[in-house]
Amino acid sequence: MTLRRGFKAEAERDAVRVRKELGLAPHDHLNPRDLAKHLGIAVIDASDLVDIKELEELERLQAFAFSAATFEIEDRSIIVVSPLRSLGRQNSDIAHELAHVMLSHNLSEIREIDGMPFRTCKPEEEEEATAFGGTLLLPRPLLLSAARRQATIDDISQQYDVTVEMARFRYNSTGVSRQLRS
């Protein structure tokens, strides 16, 4: 599946725009919880809603069955995030959920997993949220700045509180390394 033409450029512009709204430079660290607060979206730790032992049992039964989800309650968006994930993974999950809200995605499809119905977005909207969420955390200007400082993927991961996988994905998919070589 591919993103629609122009989506990546729009995502980069929107990431820079929201950073300006938060008083951040394009290369500054963005805490997705601060962005959520700015957007009026609550972020709640799932262990505030259910006993953490139940979350651990779910994880034991099916690893990564739950990382984060967005609920619409009385016209408010609320993101519930798993405390069992690393900070970097939680940041990616929150950014992904924020992207769904910012892109006005609708929960329009129903899928059944092990007999349990779930409302979800269309696959192309999931792809958009993944791409936009990553762009919010690591926009191209930030990656260019890091590359000019000769920061490694691990350095980027640690400095910006994202997973190594997210740092590598964004660094490689934006063409930053090729741009600096030419």
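These notebook entries concern the packing of helix α5 against two other helices in a predicted model.

Entry 1: α1 and α5. I looked up the geometry of helix α1, residues 7-21, against helix α5, residues 123-137. Their axes come within 9 Å and cross at roughly 40°. Angles under 35 degrees would count as roughly parallel and 65 to 115 as roughly perpendicular, so I recorded α1 as oblique to α5. I noted the crossing of α1 and α5 as right-handed.

I then listed the residues that meet. From α1 these are F7, A11, E12, D14, A15, V18 and R19. From α5 they are E128, A131, F132, T135, L136 and L137. Sorted by class, I found 8 nonpolar, 1 polar and 4 charged residues in the contact of α1 with α5.

Entry 2: α4 and α5. I turned to helix α4, which spans residues 87-102. The axes of α4 and α5 come within 7 Å, and I recorded a crossing angle of roughly 120°. The range from 65 to 115 counts as roughly perpendicular and angles over 145 as roughly antiparallel, so α4 is likewise entered as oblique to α5. I noted that α4 passes α5 in a right-handed crossing.

On the α4 side, I found N91, S92, A95, H96, A99, H100 and M102 making the contact. On the α5 side, the contact is made by E125, E126, A129, T130, F132, G133, L136 and L137. I entered the classes for α4 with α5 as 7 nonpolar, 6 polar and 2 charged residues.

Entry 3: shared residues. I checked F132, L136 and L137 of α5 in both lists: they meet α1 and also take part in the contact with α4.

Technical notes:
Residues numbered from 1 in each chain as written. Predicted model: local features only at pLDDT ≥ 70, side-chain atom pairs only at ≥ 80, totals over all residues. Heavy atoms only, no water. Axes fitted to C-alpha atoms, helices over the stretch in contact; angles between N-to-C directions. Helix = DSSP H or I, 4+ residues; strand = E, 2+ residues; numbered from the N terminus. Left-handed = near helix turned anticlockwise from the far one by under 90°. Contact = heavy atoms within 4.5 Å. Nonpolar A, V, L, I, M, F, W, Y, C, P; charged D, E, K, R; others polar.
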